[in-house]
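Here are my notes on this one, in the order I'd go through them with the viewer open. Shout if anything looks off.

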Amino acid sequence: MARSMETAERLASTLVSGLREAGFRLTPQRTAVCDALARREDHPTAQALFLELKPKFTSLSLTTVYQTLDTLVRTGTITSLGSAGDDSIHFEVNTDPHINLACLTCHRIRDLESRAVSALEREVQDAVGSKVLSGRVVYYSECLETANPRECPFFPKTRDKRGDHA
Ligand SMILES: [Zn+2]
Ligand SMILES: [Zn+2]
């Protein structure tokens, strides 16, 4: 899943500004991390971004990807969503209140707009004021990236075969 070109470009420029304000020199690699993060809707991990960009940026290191993401989190430009059932940290670009729907099989996450989450955020804000830093709502679901959950590329093919394990 990818965002519309217009939204991705707007987000990418916000991310690049975040790095610039943190005093980072904008190398093509760091800009590419911002672009990929802005384009992807699946809340990628550092590893997923690295695998996407490595063929084009052969000098890119996983450390650069981590540093870029860490800086964006530190400046509040993106947030760290945490694990999606895979013990890996996924990153969040969408700052609007929403529900995150994570596929328990491929760990891709999709956003779902929610008035209830907006109300929830207001409730927490009213209760503790400026002490609120960030929050996230995550639900686990069958794969939403495919029409049939069984078409999820990581769906365990052996699940239906009498107790076989992959
Ligand atoms: Zn999200
Ligand atoms: Zn899936």
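1. A term before the details: a residue is called buried if 20 or more other C-beta atoms lie within 10 Å of its own, and exposed if that count is 12 or fewer. Keep in mind too that this is a predicted model.

2. With that in hand, take helix α3, which covers residues 46–53. Its buried residues are Ala-46, Leu-49 and Phe-50. Looking down the axis of α3, you'll see these fall within an arc of 100°, so they line one face of the helix. That fits the usual geometry: an α-helix has 3.6 residues a turn, so residues three or four places apart point the same way. What do the buried residues of α3 pack against? The partners are α2 and α4, the latter spanning 62–74.

3. Now the α2/α3 pair. Helix α2 runs over residues 28–39, and its axis lies 10 Å from that of α3, at a packing angle of about 110°. The two helices are therefore roughly perpendicular to each other, and α2 passes α3 in a right-handed crossing. On the α2 side the contact is made by Ala-32, Val-33, Ala-36 and Leu-37; on the α3 side, by Leu-49, Glu-52 and Leu-53. By class that gives six nonpolar residues, one charged and no polar. Leu-49 turns up twice here, as a buried residue of α3 and as part of the contact with α2.

4. Helix α2 also has α1 (residues 5–21) to deal with: the two axes come within 8 Å and cross at roughly 140°. That makes α1 and α2 oblique to each other, and this crossing is right-handed. From α1, the residues involved are Ala-8, Leu-11, Ala-12, Leu-15, Val-16 and Leu-19, and they meet Arg-30, Thr-31, Cys-34, Asp-35, Leu-37, Ala-38 and Arg-39 of α2. Sorted by class, the contact has nine nonpolar, one polar and three charged residues. Leu-37 is worth clicking on, since it is listed in the contact with α1 and also in the one with α3.

5. Two backbone spots to check. His-43 isn't a glycine, yet has a positive phi of about 55°. You'll find His-43 in the loop between α2 and α3. Is His-43 buried or exposed? It has 24 other C-beta atoms within 10 Å, so His-43 is buried.

6. The other spot is Asp-87, also a non-glycine residue with a positive phi, here near 60°. Asp-87 sits in the loop between β1 (79–82) and β2 (90–92). There are 8 C-beta neighbours inside 10 Å, so Asp-87 counts as exposed.

7. Finally, the whole chain. How many helices and strands are there? The chain has five of each, and along the sequence they follow the pattern α-α-α-α-β-β-β-β-α-β. The C-alpha trace spans about 55 × 50 × 30 Å along its principal axes. Of the 166 residues, 23% are buried. As for contact order, take the contacts with a separation of 6 or more: 50% of them are between residues 24 or more positions apart.

Technical notes
Residues are numbered from 1 along each chain as its sequence is written. Chains are lettered from A and ligands numbered from 1 in the order in which they are written. This is a predicted model: local features need pLDDT of at least 70, side-chain atom pairs count only at pLDDT 80 or more; totals for chains, interfaces and linings use all residues. Axes are lines fitted to C-alpha atoms, for helices over the stretch in contact, and angles run from 0 to 180 degrees between N-to-C directions. Helices (H or I, at least four residues) and strands (E, at least two) are DSSP runs, numbered from the N terminus. Angles under 35 degrees count as roughly parallel, over 145 as roughly antiparallel, 65 to 115 as roughly perpendicular and the rest as oblique. A crossing is left-handed if the near helix is turned anticlockwise from the far one by less than a right angle, and right-handed if clockwise. Two residues are in contact if their C-beta atoms, placed from the backbone, lie within 7 Å. Ala, Val, Leu, Ile, Met, Phe, Trp, Tyr, Cys and Pro count as nonpolar, Asp, Glu, Lys and Arg as charged, and the others, Gly among them, as polar. The arc is that of the directions from the helix axis to the C-beta atoms.
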